[in-house]
Structure formats: structure tokens, C-alpha cells
Amino acid sequence: MEEIYDLLDDPEAIAPTALWSTFDVSFGSAFRTLDGRTDLNNGAMLHFARSQPHSPKIVRATEQLATRISTDPMRHYEDGPRIAYALGGDVALTNWLCTVQNAIGLAAFDNDYAAGWLSRLSEQSVSRVKEAWITSIRADDASSSEDSDAWRLAEAAFLANRIDLALALSAEDKCDVPARFERDQRVAFATKDAEWFRSALAALSWQPADISSPPARDRDTLAMAMLMIADGTLAPDAAITTRLRDYSLKTLKSDTSAIAKGDLLIALAQLDVLDGRLGEAERRLRTCQGVARTAGRARLLGRVLERTASVQLERRKFRRARKSAEDCRELSSRLGMKDLEILAFKRRIEVEMRRANWKAAYTQLNGLYARCDEGLPGHEAAAEMLALIESASTSDVA
């Protein structure tokens, strides 16, 4: 690091290549990007920036870096949020994203990458970003085009699981072109609108007997419906279940991604549960765990662990259900997957309730409340589980 300081004492002596090499190495040790989410490591750049944030050398270095990336859109959108977060944390990243041109450019550069930064913001910061974006979009009044800024930002928000932000942006999108169906479908999926999907599934042009694959529009409808089945938010009728199962089995045989394969396996397991085939469901979930671990997909692994706990609970394999739920909770807590952590707590509580171990159930509930005090948005789930425990324990005593 001292060598960097020495070089920066004489900025004019630094050739652009050497400057970029220095900072690329530093950024490489401080940041790790995986699946659109950028995680900070305890690397050289982080220590360099935060140990002396007001040092003239650091100020001069970051000014030179900012000047360089301002003339290169790709570098601006790739490194801009990194620099902001490294030097100023959540506040600086929020300020950078509140400039709507930055956010739009970032989403156009890489929507998954934009979603990764959005998911890092605190709830308060998301509110600030929402207000800034909506104000700018309304002032621009260009939300009726097929490729509107409102929808581009909404897509990034959907990917980041910032559903309230995504829905607010979707409401500003006045697109009336053929893409409207796909956008309505995305909103219906985000809001878990089961009735919308039942209607869409009934109107599908593709049939299981068709030799060819479904057209893109039907394929998206089928895929989203399978995800809703996997989440337990859609219970299709028998005719649609046959169509979905056939589509999923055909798709599994094709060369599909690990995440798509995992989603289909979870959904097929849910269909098996609905049909009462719990053993087959558990086998599919075991296969899905292997897919998730081999591909290094943490979120997929968390989802399958939660579903496995639910199936094992139905099979009265309480010890295995407890372990699956606890593994899911630990993984989710460590990686900040708050929605899965809440579900994992619920499964743990349900295990103890099924065993009529009320003391252990209350212990798990207290653990959930403690995590809520630390920022986990699970107060509603905690209140729901408290009511269930009190009702079930009272009935048990009676």
C-alpha cells in the first residue's frame, strides 16, 4: 500500500495503464461479484479507503478515478456504485442511485448487477430511491414507450426482491404495446395473483401432446406458474397440473441452467405433495440440493432446504425437518436472505408445535423476535406464529 501512496504523490508521473492496474488489483481484492450481488471482502481497497477517508492522497486518487470513469460509460456503471459504497457505505450508494440517470444506465449496463446493489440498500434508503425515481420519471413523462425508464428500473427492483419499489415503478409504466401482457404477467407474479395465472394457464395455446416446445409467451407463463406452485401460492386444477408436469419433465431433459432446473424440481416436488406423493417429493428435493450445491447457488439451496423441512414435517420425520430448517436459517442469516430466514424460523416453530414441545416452540419464537429487533422484517410472521402456538397449546391442554 505504501507503494500506492508514493505513486500518488506525483499524479502526473502515473500513466493511465499503471493507474488502472493499481486500482483494478485493489478493487479485485476488496470486491467479489457473484450472480449480480457484490460482496465486500476485507481487502486492500476497503482498508485503503476507509482507514484514511479524508487523506489528500485518497481524495486525489478517487478524483482521478472518477474523472477516468466519467468518460467511459461501462467503467462508470461498473465501478461507480463500488466506489460510492466503499467510501461512504449505504448513504453514498443511495445518493449515487438517487441520480436517476445513474440508475437507468446501471440497469441498462446489467440488470442483475443493478439488482445486486438495490438489494444491499436499507429499507430507509429504498424509500429515498423510490421517491427520487418516481419524481424524475413523472417529470420526464416518457413512460409510454416500449422501453420506458419506469419499466427498466422496475425490472431491476423485481430482481432485487424490492417488490414495493417495483410495483410503484410499474404503476408509472403506461406502455400499451404488445409487451403489456409480459409486464402484467410480471406484476401478477410479484403480487402472487393466483387468479391471473389460472386464467393465463387456461388460455395457453400449447398442449402437452405438442411435439415442439411452447412458444416464448406460454413458456414464461408456465415457468412462473411452476415457481408459484413451488412457493405454495398457486394450487392448479387437475387438468392444468397435467400440463405443468409434462412441461416441467420435458424441460428438465433439455440443457437448462442450474437455477431453472432447481426451480422445476422444487415445483414438481410441490405437485407431488399436492398429489400425496411425499416420498417422491423428498427424492426430487434431494436431487435439487445436489444441483444447488454443485452449482454454488446459495439462494436455491436455501429454498430447497426450506421446502425439504416442510415435506419432512409432513412425513413426521421431525429430526430431519429440524435439521433442514436450521440449516436454512443459518445459511439465510449468513447471506442476508431475509425472506428465507423468516420461513426457516416458521418451519422450526412448526416442528416443535407438531411435537407438542411448547417450551421449544416459544424459544424459537423468541429467537425470531430477537432477529426482528436486529432488523429482520418478520414481525408479522412472528405475530402469526404466536397466535398459532397459543391456540394449539391451549387446545392441547384442554
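## Glutamate 341, buried residues and helix packing

Start with glutamate 341: setting aside neighbours within four places in sequence, this residue touches Arg329, Ser332, Ser333, Arg371 and Leu376, where contact means heavy atoms within 4.5 Å. You're looking at a predicted model, in which local features need pLDDT of at least 70, side-chain atom pairs count only at pLDDT 80 or more, and totals for chains, interfaces and linings use all residues. Residues are numbered from 1 along each chain as its sequence is written, and side-chain values use heavy atoms, with hydrogens and water left out.

**The overall picture**

- The protein's secondary structure adds up to 21 helices and 2 strands; these are DSSP runs numbered from the N terminus, with helices being H or I of at least four residues and strands being E of at least two.
- Of the 398 residues in the protein, 46% are buried, meaning under 20% relative accessible area, while exposed is over 50% and partly exposed is in between (1.4 Å probe, protein chains only).
- About 19,600 Å² of the protein is exposed, and carbon and sulfur atoms supply 51% of that area (Shrake-Rupley method, 1.4 Å probe; for residues, only the protein chains shown count as cover).
- Among contacts with a separation of 6 or more, 61% are between residues 24 or more positions apart.

**Helix H19 and its buried residues**

- Glutamate 341 sits in helix H19, and with a relative accessible area of 1% this residue is buried.
- Alanine 344 is in H19 as well, and its 0% relative accessibility puts it in the buried class.
- Beyond its neighbours within four places in sequence, alanine 344 is in contact with Ala325, Cys328 and Arg329.
- Alanine 344 and arginine 303 are 41 residues apart along the chain, and their C-alpha atoms are separated by 9.4 Å.
- Glutamate 352 also belongs to H19, which covers residues 338–354, and it counts as buried at 3% relative accessibility.
- Again leaving out neighbours within four places in sequence, glutamate 352 contacts Arg322, Asn357, Ala360 and Ala361.

**H15 against H17**

- Helix H15 (residues 258–274) and helix H17 (residues 298–314) have axes that come within 11 Å and cross at roughly 10°; axes are lines fitted to C-alpha atoms, for helices over the stretch in contact, and angles run from 0 to 180 degrees between N-to-C directions.
- H15 and H17 are therefore roughly parallel to each other (under 35 degrees is roughly parallel, over 145 roughly antiparallel, 65 to 115 roughly perpendicular, and the rest oblique).
- The crossing of H15 past H17 is left-handed, meaning the near helix is turned anticlockwise from the far one by less than a right angle, whereas clockwise would be right-handed.
- On the H15 side, the contact uses Ala258, Ile259, Gly262, Asp263, Ile266, Gln270 and Val273, and H17 brings Leu300, Arg303, Val304, Arg307 and Val311.
- Sorted by type, the residues in the contact of H15 with H17 are 7 nonpolar, 2 polar and 3 charged (Ala, Val, Leu, Ile, Met, Phe, Trp, Tyr, Cys and Pro are nonpolar; Asp, Glu, Lys and Arg are charged; the others, Gly among them, are polar).

**H6, H7 and H9**

- Helix H6 (residues 100–109) has 7 of its 10 residues buried, so it is largely enclosed by the rest of the structure.
- The buried set in H6 is Val100, Asn102, Ala103, Ile104, Gly105, Leu106 and Ala107.
- Helix H7 (residues 111–120) is mostly covered too, with 8 of its 10 residues buried: Asn111, Tyr113, Ala114, Ala115, Gly116, Trp117, Leu118 and Arg120.
- The axes of H7 and helix H9 (residues 149–159) come within 8 Å and cross at roughly 60°, which makes H7 oblique to H9.
- H7 passes H9 in a right-handed crossing.
- From H7, Asn111, Asp112, Ala114, Ala115 and Leu118 meet Arg152, Glu155, Ala156, Ala157 and Leu159 of H9.
- That contact of H7 with H9 splits into 6 nonpolar, 1 polar and 3 charged residues.

**Positive phi values**

- Most residues other than glycine have a negative phi.
- Lysine 192, which isn't a glycine, has a positive phi near 55°.
- Lysine 192 is in the loop between helix H11 (180–190) and helix H12 (194–202), and is partly exposed at 32% relative accessibility.
- Alanine 356 isn't a glycine either, and its phi is positive at about 60°.
- Look for alanine 356 in the loop between H19 and helix H20 (358–373); at 35% relative accessibility, alanine 356 is partly exposed.

**Arginine 283**

- Arginine 283 lies in helix H16 (residues 278–295) and counts as partly exposed at 44% relative accessibility.
- Arginine 283 and leucine 265 are 18 residues apart in sequence and 9.8 Å apart in space, C-alpha to C-alpha.
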